[in-house]
Amino acid sequence: MIDVLLADYRNPAHARALVELLDSYARDPAGGGTPLASQVLDELPEALAARPQAFSVLAYDAAQPIGLVNCIEGFSTFACKPLVNVHDVVVLASHRGQRVTQRMLARVEEEARARGACKLTLEVLSGNRSALRAYEREGFAGYQLDPAFGSAMFLQKKL
C-alpha cells in the first residue's frame with residue numbers, strides 16, 4: 001500500500017526521508033551523479049520550513065520512503081495568480097513503473113488548487129524519456145505563447 005502525504009519539514013522522519021530521497025536523486029545520472037553536500041543535507045528541511053511558498057510530497061511503501069516531489073510556489077503575472085513549480089521528482093528505482101509519480105503529482109495538484117494556483121510547471125531533461133512520458137500522461141506539455149516565437153526554454157545562471 002503506497003501512502004502519499006504532504007511533508008512536515010519539522011517532523012524528523014519526514015526531514016530524514018526528504019534528504020535521503022533527494023540525495024539518492026542527486027547521485028543518479030539523471031540528477032547529476034553527485035551526492036549532495038553535507039551542509040545541504042543538514043540544513044535543507046529547516047530552510048524549506050522557513051519558506052511558506054515551499055511544500056513537498058512524500059510517498060511511502062509501508063514505513064519505507066520511496067518518493068518525493070519538492071515544489072516552490074511562484075507567481076504568474078499574466079494570470080495574477082500563484083503557480084507551482086514542481087522542482088524535484090524522485091522515485092526509488094525499486095518502485096519505478098508503479099505510478100508513484102502519478103499519485104504524488106495528484107497530491108501536488110490538490111495542494112496547488114488549494115493555494116489558488118493557475119498552473120503547475122516543471123523542467124525535465126530531454127533525455128529522460130520515462131519521466132517525460134510520465135509527465136505527459138499527467139497533462140504536462142511544452143509551453144509557448146505564439147508558435148512563431150517557438151517553445152519556452154529553461155536557462156540558468158549560477159551565482
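Here are some notes on the fold, the cores, the salt bridges and a few single residues of this predicted model.

1. **The sheet.** A good place to start is the open sheet, which has 5 strands in the order 1-2-3-4-5 and mixed pairing. The edges are taken by strand 1 and strand 5 (120-122); each has a single partner strand, so one side of each has no neighbour in the sheet. On average, and with direction ignored, neighbouring strands of this sheet are turned by 25 degrees against each other.

2. **The edge at strand 5.** Strand 4 (residues 81-91) and strand 5 run parallel and are joined by 3 bridges. If you would like a spot to look at here, find Asn-85, which stands opposite Thr-121 in strand 5.

3. **Helix 3 on the sheet.** Which strands does helix 3 lie across? The list is strand 1, strand 2 (54-61), strand 3 (64-76), strand 4 and strand 5. Against strand 4, helix 3 runs at about 160 degrees.

4. **The largest nonpolar core.** This core has 20 residues, and the members that touch the most others are Val-69, Cys-71, Val-86, Met-104 and Val-108. At least two residues each come from strand 2, strand 3, strand 4, helix 3 and helix 4 (129-137). Helix 3 gives the largest share, with 5 residues. There is also a second, separate core of 14 residues, and Leu-18, Val-19, Leu-21 and Val-90 are among them.

5. **Val-86 up close.** Val-86 deserves a look of its own, as one of the core residues that touch the most other members. Leaving aside neighbours within four places in sequence, Val-86 is in contact with Val-69, Asn-70 and Cys-71, with Leu-105 and Val-108, and with Thr-121, Leu-122 and Glu-123.

6. **A salt bridge between distant parts of the chain.** The count of salt bridges comes to 6. In one of them, the side chains of Arg-10 and Glu-46 meet with an N to O distance of 3.1 Å. Arg-10 sits in the loop between strand 1 (2-6) and helix 1 (12-27), while Glu-46 belongs to helix 2 (residues 38-49), so this pair, 36 residues apart, links distant parts of the chain. How accessible are the two partners, Arg-10 and Glu-46? Arg-10 is exposed, at 54% relative accessible area, and Glu-46 is partly exposed, at 46%.

7. **A pair within helix 1.** Asp-23 and Arg-27 form a salt bridge whose closest N and O atoms are 2.6 Å apart. Both residues lie in helix 1, and their spacing of 4 residues is about one turn of the helix. Is Asp-23 buried or exposed? Asp-23 is buried, with a relative accessible area of 11%, whereas Arg-27 is partly exposed at 48%.

8. **A pair within helix 3, and a network.** Arg-107 and Glu-110 also form a salt bridge, with 3.5 Å between the closest N and O atoms. These two residues of helix 3 (residues 100-114) are 3 residues apart, which means about one helical turn between them. Here Arg-107 is the buried partner, at 19% relative accessible area, and Glu-110 is partly exposed at 49%. The cut-off for buried is under 20%, so the value of 19% puts Arg-107 in that class. Elsewhere, a network of salt bridges links Glu-73, Glu-111 and Arg-115.

9. **Two positive phi values.** Most residues other than glycine have a negative phi. Cys-80 has a positive value, near 55 degrees, and lies in the loop between strand 3 and strand 4. Cys-80 is exposed, with a relative accessible area of 57%. Arg-99 is not a glycine either, and its phi is positive at about 65 degrees. The place of Arg-99 is the loop between strand 4 and helix 3, and its relative accessible area of 42% makes it partly exposed. Both residues are worth a glance when you go through the backbone.

10. **Ser-76.** Last, a residue of strand 3. Ser-76 counts as buried, at 10% relative accessibility. What is Ser-76 in contact with, leaving aside its neighbours within four places in sequence? The contacts are Lys-81, Leu-83 and Cys-118.

Definitions and conventions. Residues numbered from 1 in each chain as written. Predicted model: local features only at pLDDT ≥ 70, side-chain atom pairs only at ≥ 80, totals over all residues. Heavy atoms only, no water. Salt bridge = Lys/Arg side-chain N within 4 Å of Asp/Glu carboxyl O. Buried < 20%, exposed > 50% of the residue type's maximum accessible area, 1.4 Å probe, protein only. Pairing = 2+ DSSP bridges. Axes fitted to C-alpha atoms, helices over the stretch in contact; angles between N-to-C directions. Contact = heavy atoms within 4.5 Å. Core = buried A, V, L, I, M, F, W, Y, C linked by side-chain atoms within 4.5 Å.
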